[in-house]
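Subject: Structure handover and summary of findings

Dear colleague,

Please find below the structure for your review. A written account of the findings follows it.

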Amino acid sequence: MLLNPATNSMSIGLISRRYAFALAFLISLPAIGQVVQTARYEIKVVERDEPRYSAVKLGENGMMIYRRIIGKKDDHFELIKLDTALKENWKGIVPVSKKLDIIQSKSYGNLLYLLLKDPQYIGKDLTIVALNLLNGTYRIYQVRNIIPFYPAEFVLTDKAALIGGYFNSRPLVIHYSFEQQSSRILPGFFNAPGELDQIKLSPDGTTDIIVSSRNFEKRRALWIRTY
């Protein structure tokens, strides 16, 4: 597990204020044609000029509600973790630079990963926030971006993050190791324009990267590279 409350982790500060809207899961009963409300979570309605909440589905881990709080020096992400019954597990804040926005989010096991980037500059480094869904601790990783590209794919493994995108219409994939905290571009790209179709993880620990492009006969073909 990447996050260890005893080493190299930080606890999210508790939030005392209550906010905004109501969440409810509705199910339809086809036999009688009724709609039954099964669960509900409420927070006070935000003011018109306040940031709105967004939600990330976490499967068996429930749901994460978050919004950005503007500060004088740095901003914060306000987070509320709910279980599948919409009961609040914990809530807290994570500091974030004013220049960074969330461009991808992905849950993996008991972790939620947020990929952040400065939207004004394509070549800037990336930031990954790894958030422990069980206890609210988190860890921040800086991903060096040596190629000016905009991320389009974000895939996680036990030990690394794979970030795919394009440079001059040519697909590329960056491999970032959480253990070594270093990034590298996977070999075999930049040869020809193409489309990054899929980054597929295999049970044996290998990764297949599928690219769609035209072959030497100008026909559309799929190229699979295994790492």
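The paragraphs below describe strand pairing, charged contacts and aromatic contacts in turn. Please note that this is a predicted model.

Strands β4, β5 and β6

Strand β5 covers residues 63–69 and pairs with strands on either hand of the sequence: four bridges join β4 (residues 54–57) to β5, and seven bridges join β5 to β6. Both pairings run antiparallel. In the β4 pairing, A55 has I65 of β5 as its bridge partner. In the β6 pairing, M63 has L82 as its partner. Each pairing is also a hairpin: five residues separate β4 from β5, and five residues separate β5 from β6. Within the turn of the β4–β5 hairpin, G59 has a positive phi of about 65 degrees. Six of the seven residues of β5 are buried, so this strand is largely enclosed by the rest of the structure.

Charged residues

The structure contains four salt bridges. One of them joins E78 to R67, with the closest N and O atoms 3.3 Å apart. Because E78 belongs to strand β6 and R67 to strand β5, the pair ties together parts that are eleven residues apart in sequence. Are these two residues buried or exposed? E78 has a relative accessibility of 2% and therefore counts as buried; R67, also at 2%, counts as buried as well. The side chain of E78 additionally makes a polar contact with the side chain of Y53, at 2.8 Å.

D75 takes part in salt bridges with R68 and with K98. For R68 and D75, the closest N and O atoms are 2.9 Å apart; for K98 and D75, the corresponding value is 2.7 Å. The contact between K98 and D75 links distant parts of the chain, as K98 sits in the loop between β7 (88–96) and β8 (101–108), while D75 is in strand β6, 23 residues apart. R68 and D75 are both buried, with D75 at a relative accessible area of 3%. K98, at 37% relative accessibility, counts as partly exposed. Together with D101, the residues R68, D75 and K98 are linked in a network of salt bridges.

Aromatic residues

How many aromatic pairs does the structure hold? There are five. In one of them, the rings of Y66 and F77 have centres 6.4 Å apart and planes at 90 degrees, so the pair is edge-to-face. Y66 lies in strand β5 and F77 in strand β6 (residues 75–82), eleven residues apart, and both are buried. The rings of Y176 and F178 have centres 5.8 Å apart and planes at 80 degrees, so this pair is edge-to-face too. Y176 and F178 are likewise buried, and they belong with Y113 and Y141 to one aromatic cluster.

The four-stranded sheet

An open sheet of four strands has the order β12-β13-β14-β15 and antiparallel pairing. Its edge strands, each pairing on one side only, are β12 (150–156) and β15 (182–185). On average, neighbouring strands of this sheet are turned by 25 degrees against each other, direction ignored. Within the sheet, eight bridges join β13 (residues 160–167) to β14 (residues 170–177), and the bridge partner of Y166 in β14 is P171.

Yours sincerely

Methods: Residues numbered from 1 in each chain as written. Predicted model: local features only at pLDDT ≥ 70, side-chain atom pairs only at ≥ 80, totals over all residues. Heavy atoms only, no water. Phe/Tyr/Trp six-rings, centres within 6.5 Å; stacked < 30°, edge-to-face > 60°. Helix = DSSP H or I, 4+ residues; strand = E, 2+ residues; numbered from the N terminus. Buried < 20%, exposed > 50% of the residue type's maximum accessible area, 1.4 Å probe, protein only. Polar contact = N/O pair within 3.5 Å; in protein donor to acceptor, adjacent residues only side chain to side chain. Pairing = 2+ DSSP bridges. Axes fitted to C-alpha atoms, helices over the stretch in contact; angles between N-to-C directions. Salt bridge = Lys/Arg side-chain N within 4 Å of Asp/Glu carboxyl O.
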